[in-house]
Amino acid sequence: MNHLHYLHRCLQLARLGGQGAFPNPHVGAVIVYHGPNSVKGSGFRVQGSSEQSVIIGEGYHKQYGSAHAEVMAVASVKDKSLLKDSTIYVSLEPCSYHGNTPPCTDLILTHKIPRVVIGGLDPNPQVAGSGVDYLRAHGVDVTLADDPSPFIDLNRRFFVNHYYKRPYITLKWAESQDGYIGGRDSEGTPTQVAITGNNVKAFVHRMRASHHAIMVGKTTAAIDDPSLTNRLYPGGNPTRIILDRKGVLPPSLRVFTDAQAPTIVLSEKETKSAFPHVKRHVMVPWPAPIEEILAFLYTDLRISSVLIEGGANLLQQVLDAGCYDEVVRFQGKGEIGQGVAGPVLPRDYAFDHHLMMDQDWVSMKKRVLSLS
Ligand code: AOF
Ligand code: ZN
């Protein structure tokens with residue numbers, strides 16, 4: 001049986017789910033009927049097999065709170081009597097608990113589907129292998145893909161959240177040809193310098209739109225006075241998170257005055273917020289290392305992904321702690337001469353993707369998730 005063929009079809013279907021599935025994973029399912037009396041005309045012969053196999057149902061998880069992929073696939077099968085001679089392929093382990101929807105494992109048992117082939121185990125602690133155990137305990141023949149990596153990669157954020165109990169982290173910065181992310185004035189105070197062009201801006205706004213939150217350190221908030229909103233790409237604004245340990249940032253900054261997006265300020269000191277869209281969280285003692293802040297964001301504030309846009313200190317802390325999943329570095333063509341040096345990447349770090357936007361380079365890399 002060519003399991004990979006059908007599992008890859010599950011991946012294609014899962015991707016149709018789009019943004020609507022969030023925070024649930026993207027999941028696709030395919031039901032294949034095998035038998036000598038296969039549906040005439042539409043079947044195809046699997047290479048090396050005398051058996052005719054036909055896809056009789058397909059489905060994917062479309063919308064948070066709505067039917068799971070398996071439910072949609074079963075619903076699409078016209079002749080339900082074929083299910084007892086079929087295999088259901090699913091990109092993610094079928095769920096075995098009652099959430100917004102009933103367990104998919106019960107659906108499989110109810111329809112007497114004898115075989116299940118799964119791309120990857122569900123990292124959600126409410127499932128985490130119990131779907132497989134439950135099905136096997138009820139006599140279902142369950143097979144797991146030899147290599148779960150494409151199925152993990154499909155839901156990178158979902159896997160990172162459950163495995164590491166932190167948001168999915170993307171690091172982003174722009175540096176000059178000579179490696180500076182900003183300038184310094186004659187007194188040594190950091191200054192803002194334009195490094196990349198307009199095309200990069202739209203790309204960055206797309207990154208903002210695709211993250212749940214965006215985070216910067218105190219110095220970046222003070223020097224650049226960024227709004228941290230998405231104004232150039234379709235989609236919403238991320239929640240803005242500002243690390244202001246001493247609570248010294250002035251209320252005149254855009255992240256406070258511009259109510260386009262919620263702002264969360266983390267400090268060790270109680271400070272009053274003059275704006276309803278600004279929430280303050282006191283953290284005492286101030287969490288160190290940075291992993292504790294990330295864990296707090298995920299566990300207490302349910303933030304699932306964070307784009308970290310600077311400054312150099314914050315980026316370096318996260319790089320040193322190794323708790324990041326993606327890096328996007330922009331390089332402008334100009335030189336600054338002296339200023340604030342960009343973050344230092346780990347020794348032997350190699351970007352795996354480069355592209356040019358006008359005169360600027362973009363270098364990217366997604367971490368290979370090894371989740372054992
Ligand atoms: C599946 N098939 O298509 C998806 C699964 O609240 P609920 O009922 O929607 O359950 C959400 C959880 O179910 C989610 O966190 C993940 O563990 C699993 N997602 N499982 O069998 C699906 N989307
Ligand atoms: Zn389910």
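Start by selecting ligand 1 together with E70: an oxygen atom of ligand 1 sits 2.7 Å from an N or O atom in the E70 side chain. Keep in mind as you go that this is a predicted model.

**Stop 1: around ligand 1**

Stay with ligand 1 and add T101, where an N or O atom of the side chain is 2.8 Å from an oxygen atom of the ligand. Then show the backbone of C95, because a side-chain-only view would miss this one: a polar backbone atom of C95 is 2.9 Å from an oxygen atom of ligand 1, within the 3.5 Å used for a polar contact. How much of ligand 1 does the protein bury? Taken alone, ligand 1 exposes 510 Å², and the protein buries 95% of that. Now widen the selection to the residues around ligand 1, of which there are 18. The ones that come nearest are H68, E70, N100, T101 and D122.

**Stop 2: the zinc ion**

Next, select the zinc ion, which is ligand 2. Which residues coordinate it? Show H68, C95 and C104: the zinc ion is coordinated by ND1 of H68 and by the SG atoms of C95 and C104, at 2.0 to 2.2 Å. Two of these names will be familiar from the first stop, since H68 is among the residues nearest to ligand 1 and the backbone of C95 supplies a polar atom 2.9 Å from a ligand 1 oxygen.

If you like to check geometry, draw the angles at the zinc ion. The four donor atoms subtend angles of 99 to 119 degrees, and the arrangement is therefore tetrahedral, as every angle has to lie between 85 and 135 degrees for that label. Along the chain, the donors of the zinc ion follow the spacing H-x26-C-x8-C. Colour by accessibility and you will find C95 and C104 both buried.

**Stop 3: salt bridges**

Now turn to charged side chains. Side chains of opposite charge can pair when their charged atoms come close. The count for this model is 10 salt bridges, and here are a few to pick out.

- Select E58 and R9, whose closest N and O atoms are 2.7 Å apart in a salt bridge. This pair links distant parts of the chain: E58 belongs to strand 3 (residues 52-60) and R9 to helix 1 (residues 3-15), 49 residues apart. E58 is partly exposed at 26% relative accessibility, and R9 is partly exposed at 27%.
- Move to K84 and D85, where a salt bridge spans 3.7 Å from N to O. K84 is partly exposed at 48% relative accessibility, and D85 is partly exposed at 33%.
- Go on to E309 and R208, a salt bridge with its closest N and O atoms 2.8 Å apart. E309 lies in the loop between strand 14 (305-308) and helix 11 (312-321), while R208 is in helix 7 (residues 198-209), so the pair ties together parts that are 101 residues apart in sequence. Are these two residues buried or exposed? Both E309 and R208 are buried.
- Finish the list with R166, D325 and R367, which salt bridges with shared partners join into one network.

**Stop 4: helix 7**

For a last look, select R206, which is also placed in helix 7. R206 is partly exposed, with a relative accessible area of 43%. Add L232 and draw a C-alpha to C-alpha distance: the two residues are 7.5 Å apart in space and 26 residues apart in sequence.

Definitions and conventions
Residues numbered from 1 in each chain as written. Chains lettered and ligands numbered in written order. Predicted model: local features only at pLDDT ≥ 70, side-chain atom pairs only at ≥ 80, totals over all residues. Heavy atoms only, no water. Salt bridge = Lys/Arg side-chain N within 4 Å of Asp/Glu carboxyl O. Helix = DSSP H or I, 4+ residues; strand = E, 2+ residues; numbered from the N terminus. Buried < 20%, exposed > 50% of the residue type's maximum accessible area, 1.4 Å probe, protein only. Donors = N, O, S within 2.8 Å, 3.2 Å for Na, K, Ca; no water. Tetrahedral: all angles 85-135°; square planar, octahedral: opposite > 155°, others 65-115°. Near = heavy atom within 4 Å. Polar contact = N/O pair within 3.5 Å; in protein donor to acceptor, adjacent residues only side chain to side chain. Areas by Shrake-Rupley, 256 points an atom, 1.4 Å probe, with all protein chains shown as cover.
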